[in-house]
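Here are a few notes to accompany your first look at this structure. Please read them with the sequence and the model open beside you.

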Amino acid sequence: MAKFPQKKNVAEVFIIESLGADDMNNNRCDGKILESQLKLIGANPIYRYALNLSDMRKALLEFDKSEYRFLHVSCHGDADKVLLAANPRGETYVDFSRCFEGVAALSRITFSACRLGNYKLFETFYEINRGVHSLAAPIKDLPFKFASLYWAVFYTKLMDECRSSNNHVHRTFIEGVFPRLSKALGVPMRYAIYEPNNNRVKVRMTEKGRPKYIYPWK
């Protein structure tokens, strides 16, 4: 098993985007828009474009070296695959999750990709990547008109939380912000929070329902 990083203390957002020519040519790149919005509030985001899994892995290694704590991945997805720019047929959840191996611990990760907020993806991701502090993704299709707005508000609130709490993000913040934001915009999300004391991951939906738990390391 890969060792955890010693620290990931930079409260900034690293953005990786993998969208095709149609999205790029029609300015439907929420990662690029998020980069601009973060700069407007005085943040220092890093943006990288990835064509395929190899590019994704290179960007993730750069993310690890940056010591940034927050990772935003913009791509397409469905109930079984992750769709990257150079492979519209899709990558399996296992192959996609393995890209993050050894670099994802101590991070808070968001996937801006339709239907990746399903339990299968979350379970697969956490079985391969231990110690990810939180993970979130939309349960259903995420219309572009809501995508950029949702993530801009989320990360603005996240930055404010860091500034007001000595660079710390408590799990109660995550458990509060996603339901409120999803209710306001009508965008259901699934989110997960790592509970190290219990050696488990709590998975919840912003819609009604009891939490589920993943115990991938017992």
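In what sense do strand β3 and β7 pair, and over how many bridges?

1. The model is a predicted one, and the strand pairing is a convenient place to begin. Strand β3, made of residues 68-74, and β7 pair in the parallel sense over 5 bridges, and within this pairing S74 stands opposite S112 in β7.

2. β7 also pairs with strand β8, which covers residues 134-138, again in the parallel sense and over 3 bridges. Here T110 stands opposite A136 in β8.

3. Strand β7 spans residues 108-112, and because 5 of its 5 residues are buried, the strand is largely enclosed by the rest of the structure. Both of its faces are covered, with R108, T110 and S112 buried on one side and I109 and F111 buried on the other.

4. Another buried residue to look at is E195, which lies in strand β9, residues 189-195. It counts as buried because its relative accessible area is 7%, and the cut-off for that term is under 20%. The side chains of E195 and R200 are joined by a polar contact of 2.6 Å. When neighbours within four places in sequence are left aside, E195 is in contact with R171, R200, K202 and Y213.

5. On the surface, M24, Y49 and L51 make a nonpolar patch of about 250 Å². L51 is found in the loop between β2 (46-49) and α3 (53-66), and its relative accessibility of 41% is why it counts as partly exposed.

Technical notes:
Residues are numbered from 1 along each chain as its sequence is written. This is a predicted model: local features need pLDDT of at least 70, side-chain atom pairs count only at pLDDT 80 or more; totals for chains, interfaces and linings use all residues. Side-chain values use heavy atoms; hydrogens and water are left out. Helices (H or I, at least four residues) and strands (E, at least two) are DSSP runs, numbered from the N terminus. Buried means under 20% relative accessible area, exposed over 50%, partly exposed in between (1.4 Å probe, protein chains only). A polar contact is a pair of N or O atoms within 3.5 Å; within protein, one must be able to donate a hydrogen and the other to accept it, and residues adjacent in sequence count only if both atoms are side-chain atoms. Contact means heavy atoms within 4.5 Å. Patches are made of residues with over 30% relative accessible area and no salt bridge: like charges are joined within 9 Å, nonpolar side chains (Val, Leu, Ile, Met, Phe, Trp, Tyr) within 5 Å. Accessible areas come from the Shrake-Rupley method with a 1.4 Å probe; for residues, only the protein chains shown count as cover. A salt bridge is a side-chain nitrogen of Lys or Arg within 4 Å of a carboxyl oxygen of Asp or Glu. Two strands pair if DSSP finds at least two bridges between them.
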